[in-house]
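These are my notebook entries on a structure, kept in the sequence in which I looked things up. Each term is explained where it enters.

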There are 2 protein chains.
Amino acid sequence: MKKDIQPNLSREKIVNEAISLVNERGMPALSMRMLGARLSVEGMALYYHFPNKQALIEAMLDRVHAEISIPEADIAWQDFVRQRSASVIEVLRHHPWAATLMESGVRPGEYTMQDRERLLGVFRRAGFSVSNAVHAITIVDVFTYGFVAQLVNLSFSTKEDAAVVGQDVIAMFAPDKYPYMREMVSEHMLKRGYDVMDEFVFGLELIITGLERFEGESNNKIETH
Amino acid sequence: MKKDIQPNLSREKIVNEAISLVNERGMPALSMRMLGARLSVEGMALYYHFPNKQALIEAMLDRVHAEISIPEADIAWQDFVRQRSASVIEVLRHHPWAATLMESGVRPGEYTMQDRERLLGVFRRAGFSVSNAVHAITIVDVFTYGFVAQLVNLSFSTKEDAAVVGQDVIAMFAPDKYPYMREMVSEHMLKRGYDVMDEFVFGLELIITGLERFEGESNNKIETH
DNA sequence: ACCTGAACACCGTTCAAGT
DNA sequence: ACCTGAACACCGTTCAAGT
């Protein structure tokens, strides 16, 4: 009667449901038993598909990485960087739990490697030396992932909330001790038109401009097709 | 006979022992019972001094922050930034577990606030506008904390290890698919004299140079004593 | 005031057993 | 091949009780 000829679990289904779970209820809510329940299965069944919880999390992260849209490789490296960073931010805003984990480099999966390979190639073909290409991808990635890591962990998301939190924080710690912080909140964060993303754009453009100095210094060893 | 007139626990003692514990055995090893045992006390005793584990962790983080040595406020902002970042890296290398947590902004403690206030002041007194000062501390902090967050989570620490891991990673994923990664490892990371810290210095100097463009644009509203 | 003991509702993981 | 059930060694937290 109940002769399921097909298994009702698969790595893909498990990863999907796990991502839904943490998106809805946060990383601490991810337990094997809870996840099993949402898949109508005992938690222990998951151990048939993944050796342990860590492996499951790594699979979740690589799947998130797959969502990052990598730009065409033949556009200007400046635009490549801009588009890729925008996509990283976009994706990680929808998967806040993944931000710190991706940054702190649990070991790279397929998509992670592809992404880095492409970015590295873009710089090399733009004439960056090997060393400078490494410097470049490092600074771009540290800034981009570092920014989201801080961003998604802010307790507020709207601008109004930001102002309120700012006020609270300052009030909490004897306002007179922090005149510059107070000035920052009132003159910058409270100003209408303020957007946290402006901070990101400023930083990324500063970095891009700085990197332009090293463009075309060559020692390019790999053929640029 | 055993009439301890003094309590043998205090917030300070607890935080100290907690930090020793995680430095030795990592964040996952931190449990209230385990920590209690190391203090010759039942784990439940800790709840008299801290409302919950989260509060304990926040206290640990603020204590780590206190170790960061903040430079004299009257030196050039460039040197202030260099010295402060170097100290952040130094401290967080000794407390790797703290890197991701500090970055992901559990809410700021006393030392955290003092640190930010000082840095903000340095930029304002150097003639940065309020907006640009905020941009400046953001990019500097994102890069500095982001860098350690990635650094401390690398599974290797010596240069030799780095090379080995690099080779492994590439071998793992069909080498032919990643020619640029291969080039990076062999031409850059395997080269003698290579130091991960070079990546940091390159990035920080690029940022400092970029920021010099905004120095002295003024609208300085707070008296510079 | 400061700590203990027992209890509650959970965890991740292993492993024999079921189908 | 794929999943279940019971068991082990843990968690964080609450709360009455001890001194």
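**Entry 1: DNA strand C.** I looked up the polar contacts of DNA strand C, a polar contact being a pair of N or O atoms within 3.5 Å; within protein, one must be able to donate a hydrogen and the other to accept it, and residues adjacent in sequence count only if both atoms are side-chain atoms. In this predicted model, a polar side-chain atom of Asn8(B) lies 2.5 Å from a phosphate oxygen of the strand. For His49(B), I noted 2.7 Å between a side-chain N or O atom and a phosphate oxygen of DNA strand C. For Lys53(A), a polar side-chain atom is 2.8 Å from a phosphate oxygen of this strand.

Which residues come nearest to DNA strand C? They are Arg33(A), Lys53(A), Asn8(B), Glu42(B) and His49(B), out of 18 residues around the strand. A residue counts as near if one of its heavy atoms lies within 4 Å. Sugar or phosphate supplies 58% of the strand's atoms within 4 Å of the protein, and bases supply the rest. I recorded the surface residues near DNA strand C as 10 nonpolar, 4 polar and 4 charged. Here Ala, Val, Leu, Ile, Met, Phe, Trp, Tyr, Cys and Pro count as nonpolar, Asp, Glu, Lys and Arg as charged, and the others, Gly among them, as polar.

**Entry 2: conventions.** I noted that residues are numbered from 1 along each chain as its sequence is written, while chains are lettered from A and ligands numbered from 1 in the order in which they are written. The model is predicted, local features need pLDDT of at least 70, side-chain atom pairs count only at pLDDT 80 or more, and totals for chains, interfaces and linings use all residues; side-chain values use heavy atoms, without hydrogens and water.

**Entry 3: DNA strand D.** I found 18 residues surrounding DNA strand D, and the closest are Asn8(A), Glu42(A), His49(A), Arg33(B) and Tyr47(B). A polar backbone atom of Glu42(A) is 2.8 Å from a phosphate oxygen of DNA strand D. The side chain of His49(A) places an N or O atom 2.7 Å from a phosphate oxygen of the strand, and for the side chain of Ser31(B) the value is 3.2 Å.

**Entry 4: the two chains.** How is chain B superposed on chain A? A rotation of 180° with 0.0 Å of shift along its axis does this, at RMSD 0.0 Å, the fit being by least squares on the C-alpha atoms of residues with pLDDT of at least 70 in both. This is therefore the relation of a two-fold axis. In chain B, the C-alpha of Gly146(B) is nearest the axis, at 2.3 Å.

**Entry 5: rings.** I counted 14 aromatic pairs over all chains. Rings of Phe, Tyr and Trp (its six-membered ring) pair if their centres lie within 6.5 Å; planes under 30 degrees apart count as stacked, over 60 as edge-to-face and the rest as tilted. Phe147(A) and Phe200(A) form a tilted pair, with 5.1 Å between centres and 55° between planes. Phe147(A) is buried at 4% relative accessibility, and Phe200(A) is buried at 6%; buried means under 20% relative accessible area, exposed over 50%, partly exposed in between (1.4 Å probe, protein chains only).
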